[in-house]
Amino acid sequence: MRKNIVAGNWKMNKTLQEGIALAKELNEVLANEKPNCDVIICTPFIHLASVAGLVDAAKIGVGAENCADKESGAYTGEVSAAMVASTGAKYVILGHSERRAYYGETAEILKEKVKLALANGLTPIFCIGEVLEEREAGKQNEVVYSQLAGSLYDLSAEDFSKIILAYEPVWAIGTGKTATAEQAQEIHAYIRKTIEDRYGKEVAENTSILYGGSCKASNAKELFANPDVDGGLIGGASLKAADFKGIIDAFN
Ligand code: PEP
């Protein structure tokens, strides 16, 4: 059975000290709880080792927000999948729309990143989603299909089964504008159907597909109630333990 997951994406927020404080607070908030979903926090690279060392790994998974498309070597400023894994992190967000838009990450580059993440035992949280003009032109299905096919559909079924997907309409990220529950369900069902066409029903049924884009405690329950929405990738609302906990509680 696929998992319900609430994953935070801290983006480029929090100094090391602030990040450690937030991770500690979340750890304490969840100490006496049994969340009905997997909880993951994805942090900047510099926080990973400290955060992975302090959270209760049975309750909170830790992930990076990116990794390099090269294994190792003369790539100044880059951080490899092996380095991420060596911190104790288990996950890595790949293909976030901000990486695609601001850092030129193409389907081919992301294909390499996914391969390296998997080879180093990391679980990719792979993001897909259309921009506003594509939504307005009714092209959202085409866009997400080409993002999936371009970076993931060459994987073996075994490797694809290790991936978590996050559908994040770019027009909803950080804008306060959320996809309606109906819009989310419709495209999540489409995504699952394309996985079924490529890898069969069992793999499709077992793939967790998260929704991302201005998700907060007040709308999470309605979004997560959809049969094909298996949780959320949370940006802004993951920066305060109480807000993030409110979203985790949507599964109670
Ligand atoms: C994100 O960037 O992954 C995201 C979903 O951001 P926000 O929740 O702030 O819209």
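## Two neighbouring strands of a barrel

In this predicted model, strand 4, which covers residues 91-94, and strand 5, which covers residues 123-128, pair in the parallel sense, and four bridges join them. Within this pair, Tyr-91 stands opposite Thr-123 of strand 5. As general background, the strands of a sheet pair through backbone hydrogen bonds, and the pairing can be either parallel or antiparallel.

The pair belongs to a wider arrangement, in which eight strands close into a barrel in the order 1-2-3-4-5-6-7-8, with parallel pairing. From one strand to the next, the twist averages 25 degrees.

## Helices packed on the sheet

Helix 7, made of residues 140-151, packs on the sheet and touches both strand 5 and strand 6 (164-167), and its direction makes about 145 degrees with that of strand 5. Helix 9, made of residues 181-199, also packs on the sheet, where it touches strand 5, strand 6 and strand 7 (209-212). For helix 9 the angle is given against strand 7, and the two directions make about 145 degrees.

## The surroundings of the ligand

How many residues surround the ligand, and which are the closest? There are 14 of them, and the closest are Lys-11, His-96, Glu-168, Gly-174 and Ser-214. When the residues of this shell are divided by character, four are nonpolar, eight are polar and two are charged.

Oxygen atoms of the ligand take part in several short distances to the protein. In the side chain of Lys-11, an N or O atom is 2.6 Å from an oxygen atom of the ligand, while a polar side-chain atom of Glu-168 lies 2.7 Å from a ligand oxygen. The backbone contributes as well, since a polar backbone atom of Gly-236 is 2.8 Å from an oxygen atom of the ligand. Taken alone, the ligand exposes 290 Å², and the protein buries 95% of that area.

## A closer look at Lys-11 and Ser-214

Lys-11 is placed in the loop between strand 1 (5-9) and helix 1 (16-31), and its phi is near 55 degrees, a positive value in a residue other than glycine. Ser-214 is found in another setting, the loop between strand 7 and helix 11 (217-224), and its phi, too, is positive and near 55 degrees, again in a residue other than glycine.

Leaving aside residues up to four places away in sequence, Lys-11 touches Pro-44, Glu-65, His-96, Glu-98, Ile-173 and Gly-235. With one of these, Glu-98, the side chain of Lys-11 makes a polar contact through the side chain of that residue, at 2.8 Å. Lys-11 and Glu-98 are 87 residues apart in sequence, yet their C-alpha atoms are 9.5 Å apart in space.

Conventions. Residues numbered from 1 in each chain as written. Predicted model: local features only at pLDDT ≥ 70, side-chain atom pairs only at ≥ 80, totals over all residues. Heavy atoms only, no water. Pairing = 2+ DSSP bridges. Axes fitted to C-alpha atoms, helices over the stretch in contact; angles between N-to-C directions. Contact = heavy atoms within 4.5 Å. Near = heavy atom within 4 Å. Polar contact = N/O pair within 3.5 Å; in protein donor to acceptor, adjacent residues only side chain to side chain. Areas by Shrake-Rupley, 256 points an atom, 1.4 Å probe, with all protein chains shown as cover. Nonpolar A, V, L, I, M, F, W, Y, C, P; charged D, E, K, R; others polar.
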